[in-house]
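Visitor: I should be grateful for a close look at a single part of this model, namely one of its sheets. Please take me through how the strands are arranged and what lies against them.

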Amino acid sequence: MIALLLRRLAQGVVIVWLVATLTFLLLHLAPGDPVSATLTDPLTPPAVREYWIHRLGLDLPLHQQYWHYLLSIAGGGFGFSFPHHRPVSAVLAEALPNTLLLMGVAIVLAFTIGIVLGVVQARRKGKPIDWGLSIGSLFFYSMPDFWLALMMLLVFAYWLRLFPASGMFDPVMYGLMGPWARAVDRLWHLVLPAATLALLVTAAVARFQRSALLEVARQDFARTARAKGLDERAVVWRHSLRNALLPVITLFGLALPALLGGSVFVESVFSWPGMGTLTVNAISTRDYQLLTAVVIVTSVLVVLGNLIADLLYAWADPRVRLEE
Amino acid sequence: MRASAPVILTLLVTITSACQQDGPAVRGGEDGGTLVIASGSDATILFPPLTMNVTSAQVEAQIFEHLAEPGEKLNMIGDVGWEGRLAHSWSWGADSLSIAFRLDSMARWQDGPPVRASDVVFTYDLYTDSTVGSLVAPLLAEIDSVTVRDSLTAVFWFSHRSPEQFATAAFQMRILPEHLLSKSDRKQLESSDFARSPVGSGPFRFVRWVPRQVIELEANTNYHLGRPHLDRVIWSIAPDYNAAFMRLLSGDADMLEYLRPGDFEQLSKHPEIKTVRYPSLIYGFLLFNERDPKNQKRPHPIFANRSVRRALTMAIDRVQLARSVYDTLAVPAIGPFTEALSTYDSTIRQIPYDPDSAATLLDAAGWRDADGDGWRERNGVPLRFTMIVPSSSTPRMRAAVIMQEMFKKVGVRAEIEQMDFPTHGSRQEARRFDASMNTMSSDGVPSTIRQLWSTEAAKEGSNYGSYESPRFDALVDSAASQMDPRKAGAYYRQAYQLLADDAPAIWLFEPLSYAAMQQRIHPVGMRANGWWLNLKDWYIPQGERIARDRVGLSRETPAGE
């Protein structure tokens, strides 16, 4: 197990370095730079532009910029964000927890609800509830993330006025609230963006879980369990589900990058101050340092997600442990 | 679904009771209340020498002060119409090479100490320090030095007389507290605590800034010109326009600073929200590149010819274009300025919409449809060019598509190349374009026209189209050296007329700026150079207040929130 972990970690480091290098190169190939993208007013004197280009080292040869970039990553600071006027690490430190909170809640919701729905569908195969849930999950599965986010906003924030339209807390009254009211306020603001992200993944989880469970239900050990006289609920929840989790665990590894991608739109629509909106801003301001840091952090998250998926896989399937 | 122009017109008439111009900047109203502004972008810094974005400018304008502000007419020549802020009076030296500003003795920094002339000297020193890298520093070049005459009098000395020297001294720098900044490492100021939790002398004091979520200020009750009416002003950040609009409609926000044409139909269903028009300095234009983008030493094969540029201008029906893009929410532009600029002149003679004359001019320039395919060519080279357009701007995209059709009617093939905003900017800076769809916001200073259209700026500056006219340069130089606003205006008029005649660009539209706000908000003195500049005078009447207006001052705000 430790050897597997170490091998995966080593692969992860190489992947992150490749991603960081590729991002650096692609960004520098794109037209524009942080100074011209931030100082957009044509009335900005050329001397001021030149001063900042020099101060940020953008006038250095590309290989020197790359070297400085690697040094800043090695130092853990990720350099300085010109559009934010702050070290990149400080900007990330604010945004990352917000995205992790959103994604964490979305993942827990999506996999819990998705697995339960998949089980319900598998147990009621061919019945109206199976059909209904299949159509429903297909509906959300095929829906573009930004459109779903806008519809959620329109229906629940504007028409029904059940939840706040955007932000992480009430900008006016939050400071006046007690600790309990603050927690509720934050939760209230989390509902729509988290539900939107969760809906996008739940559908896929439910479909995978349904087909996996149906597949497992036909296998010998499930038949044996039934022959022993166990009721169907025990057969499914105690014997079949763990075996049927393997494709869902694979999906977990894949869901992380999908959720990170989806969070760009969802965070933008709900003004959630996480990595998604930060990425959009960093692209539009050609914020090289911040953008590469976002990509590195994202790729680390994806690598870690896949590592967790591998560990879960080993937990769920003894054959994997034996092979390792 | 997009509403037609008559529908929009009807809607505008229908909501006239809700749609108004704001009142003049006079004191009045009642103290108290909270204004929540749905803002499309967060501030990046709250340190005036390094301000680069509009939200930062809006917030800083409440915390820090200029020595004086231009009046409603934005006169930048001499000191006519200027109103004191930190300085309550000023006097000119006999040779006009110095101006002594007398500070208001009641002015205090928000942490207690009085504002002194030494703060003004320190501010000038800091703005012009190259290690700070202020965007404003080059604009202060005509100031020779700043000295202290006594604790309340700061004297600005100039290297030469100029009509805008008063504006330079009084209006380019927001005065900073020496006692809080003198010991700071100037190279590190941009990432200092002060730059994120500033202390100034203005009408509002800083309370909190939760990045990308909220910025909160509250009334400075010790403000030397009288406390502002509003208790609190909150910028609630919503980068997505739809989210910001939704905050307004749901009542979570009180104000949205700009509206899109399609929003008026939606707002007509919300009687609790009014629209307020305010003057604007924004105009749109199609810029011609007069140098060949492939080899800038050569003239552009199409646009270097003045007759061709005039012909292309004649091919565009600008009245219809403005109507098609903005419905009734824009008027055709008549030059690189708007009605709000002090030197605006509505009598500038325009190149008329006249496709027949356009065809004649193009024929005369040798661009003819020799092969009868509907497109013009000369010596086998088609009359074809590309307009670069930032894809983030819907109005500019719409305008480009409509212009493409109008050009087609006179046999000119115009293609559209969309790109993201930074790419559009960098293509312009590198002069790698044929024609560029642009909008520009003037800073209210007439002489900055030099930075955009002079021969000097064509070589190194922001004259991206490389328009060169010694006569234009001479006219603007003459205007910019006149101390008499009327004489300066006469020179500017001639310079504007020359630009209209030479057609280095097609002046397209002047969008009318509308803000939307809850009925209980009473705005005062919204200005073209910043609707937020008189926020201290805005008020919410007692009888119209809601729960958040009754929060009051100085509430506890936990650290980090």
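**An open sheet in chain B**

Guide: In this predicted model, strand 5 of chain B and strand 6 (residues 98-103) of chain B run antiparallel and are joined by five bridges. Within this pairing, Trp92(B) has Ile99(B), a residue of strand 6 of chain B, as its bridge partner.

The pair belongs to an open sheet of four strands in chain B, arranged in the order 5-6-8-7 with antiparallel pairing. Strand 5 (87-92) and strand 7 (143-150) of chain B occupy the edges; each has a single partner strand, and therefore one side of each is left without a neighbour in the sheet. From one strand to the next, the twist averages 20°.

A helix accompanies these strands. Helix 3 (residues 117-127) of chain B lies across strand 6, strand 7 and strand 8 (153-158) of chain B. Relative to strand 7 of chain B, helix 3 of chain B runs at about 165°.

For context, chain B also meets chain A: 50 residues of chain B are in contact with 47 residues of chain A. The elements of chain B that give two or more residues to this side are strand 2 (34-39), strand 11 (232-237), helix 6 (241-249), helix 12 (421-429) and helix 13 (449-453). Helix 12 of chain B supplies the largest share, seven residues. By residue type, the side of chain B that touches chain A divides into 21 nonpolar, 16 polar and 13 charged residues.

How values were computed
Residues are numbered from 1 along each chain as its sequence is written. Chains are lettered from A and ligands numbered from 1 in the order in which they are written. This is a predicted model: local features need pLDDT of at least 70, side-chain atom pairs count only at pLDDT 80 or more; totals for chains, interfaces and linings use all residues. Two residues are in contact if their C-beta atoms, placed from the backbone, lie within 7 Å. Ala, Val, Leu, Ile, Met, Phe, Trp, Tyr, Cys and Pro count as nonpolar, Asp, Glu, Lys and Arg as charged, and the others, Gly among them, as polar. Two strands pair if DSSP finds at least two bridges between them. Axes are lines fitted to C-alpha atoms, for helices over the stretch in contact, and angles run from 0 to 180 degrees between N-to-C directions.
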